[in-house]
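Visitor: Please give me a close look at the aromatic rings in this model. Start with the pairs, then go on to whatever surrounds them.

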Amino acid sequence: MADNLSLPRPSFDEDADSGSDFAPDKLAEDAPEDLQGDPENLLEGDEEEAEGVPKRGKTTTAGSRPISHLPSITGERPSHKPPPKSQFAQASTSKMSAPRVAKIVHHRHRAMPVFLRKEKVERLDAPPTLFNPPNVVPTNSMTSEQILTDRISKAWGYNVGPGPVWNIMEDRSCFKEALEGEENSTNESCRRPRVHQGVGVKSGWTRLNECDAAMYLPTDNVLTDDGQLRPPAPVRCSLGPHGRQTRVEMVMFDNHATSEYMPGGKSFVFNVGAPAWGADWCPTYPDDRPSRGYKHYLAIAPFSSRSHSPMIGAKVQRPVPACIQIWSLQSKRVNDLQADHPLAGEMKCEMVLCLESGPAFEIKWCPLPSHDQWNEVHMGEHPRKLGLLAGTFEDGSLSIYVVPDPEDARSENDDPMRPTFVHLPEPLLRIELEETSCWSLDWANSETIAVGCTNGYVAVYDIVSSSCPRSLCGDENVQDILPTHYILIHQSAVRALAWIRVPPTNGSGVPSTSEDPTVLATGGYDGLECLTDIREPHGNIVNRTRDVINSTTYSAFAGGPIMIDHDNTVKAYSISPSTLGRGHVLLEPDGPVWSVSASDYHAQLAVGSADGSCVTTNTLKSTRRGGSVLDYSRKTGEFRMLDHFLPQETQERSTNLKGKQAKKDESEASISTGAVHRVTWNTGNGLGGAPLLASTTGSGLCRVDWLLGRWIRNKVPYVNVPNMRKEVDDVMDEDSGDD
């Protein structure tokens, strides 16, 4: 897959103390933790940025072509002194371009919401803890009034932690399946109802013993004496505080909590055996979570080996054995001494799905809960389902599998410390296109799914018309279905794809909340980033780069899609009509970006890159960021996890690389083995699970982090959250949040 790409090598700063490319910067002992620069800069940033907002000039529209440019902004506010050279960016990318206008790269516009929810939502009334019920109360939606939008957006900018501040998280998702007019419409169960209740596990599934399942699991490249492939070699990794780390060896399915090696650790590290390119959290229904102790399920799709390198668009002939692993994050309380430990949990591989479609390039659960009820005793012969899992596979197909519930699939004779191996010979629905391969995918809701193809087309499918008849009526002849839309957008493979999950509007401008979203954000190997309304037969270019666009995501808090710009920068683009197409830089990693992930519940963005770093940043105030790093040594072949990085400001990049050539050569291996391939926030398990972030790497090591933010100076803006959200009588001045 992406291993065949010729990637630019990341450049690193010299650090003579630790020898690591990612060693934390030295700080003065008396330096405050959250004030790495002038603290007033963070408090006054909004005012400074507001002064630099350019006035909008005349816009030009592109002609009617298969692909057109969005209107570009040409007007700029005059300045008395020119900005530094590094702050200029090109204003046009077309061959016949107008005179270029100076444009500040780090200038940002306030995020403008596109969908305005007027109904009440839920918020947390106490800090969330794993494996415990969240304390939620009703509150006013962030978008119910303009004053609330301004206040809460500004309040997010005061978060200086790696994760979200729990006080102001809220669900800003929009699904057409949401139950409207219900008595308790503020509840999560109404906004995210259970779907596909009539779909069951497809017949023909069988349990396998570990010997028979070995052919589906990741392997090493070395043969044994009897001609069989060996299991993957253990991964040696150092865990713990920087300078006092402990070396551990992790075989496949091993897991460790970082709290074992670092006091206060809030992460879990586990080994899936091979590079993993697919990862996603399974959504669960709120009323069923207590029956399983608020357990979280995570699907991981590893390759067949560390050397596996598929060709883009090349289909393999079935059957090709591969697997998808179902991991769980569950409580590990074994005695009363651990009762007060908020993170006494463990990662465990519950089940391995043995498939015939080849390794998965990308997997995503149905975004709404699709599992059967957990709060009842299961007495049937057929297992309940955990959910519907879609993926693009090396056989070129988009396949949707009905995943059995691990608790029902497990036999009484199975070892409770080992996973259950389940063979699924056929998916519920397999979609194949003769002229191309399916490469990327995204769900719009529980019924509509979009697929990016290797020939530059994007196909949209309504799966309900095909999955329901076959599963309920037994129509086994339905295999391929015709797409509702098949649009040529790119000149090469569509690598990144995300729905803009907002409802379309009618002629009067009223949102049609019962309709499917119509806008897609896509990026391809041709370097184009496009916005496409599927009601029109062409795409609209937002940006053009010389790099491959590996990932995109939609953020309701940022007000649009987040994509990759030149020099590996992560950039947010606005889809609001008044600022359509405008963008600003959020982050500049030190290597090519493989994955970005935004959440429906908060404004934090997660980024995984080829330099081995998994970093988070605040999309509403992105001058500071922090995260973890997987460091790799070519001399010893060992890894180490580095944590507790203090937030850093985006630094100006130097174009002089002569003195760093030796350092680049030493770090070359991290591109293929230590790269962070996939990051994903937990967006399907309510406010209590929103701080969970999962990441996968090229070494087979995966990680789950529990990330929470905090207010700068530990001071809540606008006195308190009830006052901020106008839950009580507002007796404050509008600008009191600046104090």
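Guide: A residue counts as buried under 20% relative accessible area and as exposed over 50%; in between it is partly exposed. Keep those cut-offs in mind. Note too that this is a predicted model.

Start with the count. There are nine aromatic pairs in the structure. Take Phe-270 and Trp-327. Their ring centres lie 4.4 Å apart, with 35° between the planes, and the pair is tilted. Phe-270 belongs to strand E8, residues 267–271, and Trp-327 to strand E11, residues 322–331. The two are 57 residues apart in sequence, so the pair ties together separate parts. Both Phe-270 and Trp-327 are buried. Phe-253 joins in as well: Phe-253, Phe-270 and Trp-327 make up one aromatic cluster.

Now turn to Tyr-457 and Tyr-486. This aromatic pair is stacked, at 4.5 Å centre to centre and 15° between the planes. Tyr-457 sits in strand E20, residues 457–462, and Tyr-486 in strand E21, residues 485–488. They are 29 residues apart, and the pair links distant parts of the chain. What of their exposure? Tyr-457 has a relative accessible area of 25%, so it is partly exposed. Tyr-486 reaches 31% relative accessibility, so it too counts as partly exposed.

Some rings meet a charge. The charged end of Arg-172 sits over the ring of Phe-557, 4.8 Å from the ring centre. Arg-292 has its charged end over the ring of Trp-374, with 4.3 Å to the ring centre.

Follow Arg-172 a step further. The second largest cavity holds about 120 Å³ of space. It is lined by 13 residues; Phe-115, Thr-143, Arg-172, Tyr-554 and Ala-556 are the closest to its centre. So Arg-172, whose charged end sits over Phe-557, is also among the residues closest to the centre of that cavity, and so are the aromatics Phe-115 and Tyr-554. By class, this lining has seven nonpolar, two polar and four charged residues.

That cavity has company. The structure holds eleven cavities of 30 Å³ or more. The largest has a volume of about 630 Å³. Its lining takes in 37 residues; nearest its centre are Asp-280, Lys-364, Asp-442, Arg-501 and Thr-553. Strands that each supply at least two lining residues include E9 (276–281), E13 (360–365), E18 (438–443) and E35 (676–681). Strand E22 gives the largest share, five residues. The lining of the largest cavity divides into 18 nonpolar, ten polar and nine charged residues.

One more aromatic is worth a stop, in helix H3. This helix spans residues 146–156 and is mostly covered, with eight of its eleven residues buried. Trp-156 is one of the buried residues of H3. Leu-148, Ile-152 and Ala-155 are buried there too, as are Arg-151 and Lys-154.

Last, the cysteines. The count of disulfides is zero. Cys-530 is at 0% relative accessibility, so it counts as buried. Cys-614 is buried as well, with a relative accessible area of 5%.

To recap the rings: the Phe-270 and Trp-327 pair is tilted and both its residues are buried. The Tyr-457 and Tyr-486 pair is stacked, with Tyr-457 partly exposed and Tyr-486 partly exposed.

Key:
Residues numbered from 1 in each chain as written. Predicted model: local features only at pLDDT ≥ 70, side-chain atom pairs only at ≥ 80, totals over all residues. Heavy atoms only, no water. Phe/Tyr/Trp six-rings, centres within 6.5 Å; stacked < 30°, edge-to-face > 60°. Helix = DSSP H or I, 4+ residues; strand = E, 2+ residues; numbered from the N terminus. Buried < 20%, exposed > 50% of the residue type's maximum accessible area, 1.4 Å probe, protein only. Lys NZ or Arg CZ within 6 Å of the ring centre and 35° of its normal. Disulfide = S-S within 2.5 Å. 1 Å grid on protein atoms, 1.4 Å probe; cavity = no way out; pocket = protein on both sides within 12 Å on 5 of 7 lines; lining within 4 Å. Points joined across faces, edges and corners; volume = space filled by probe spheres on them. Nonpolar A, V, L, I, M, F, W, Y, C, P; charged D, E, K, R; others polar.
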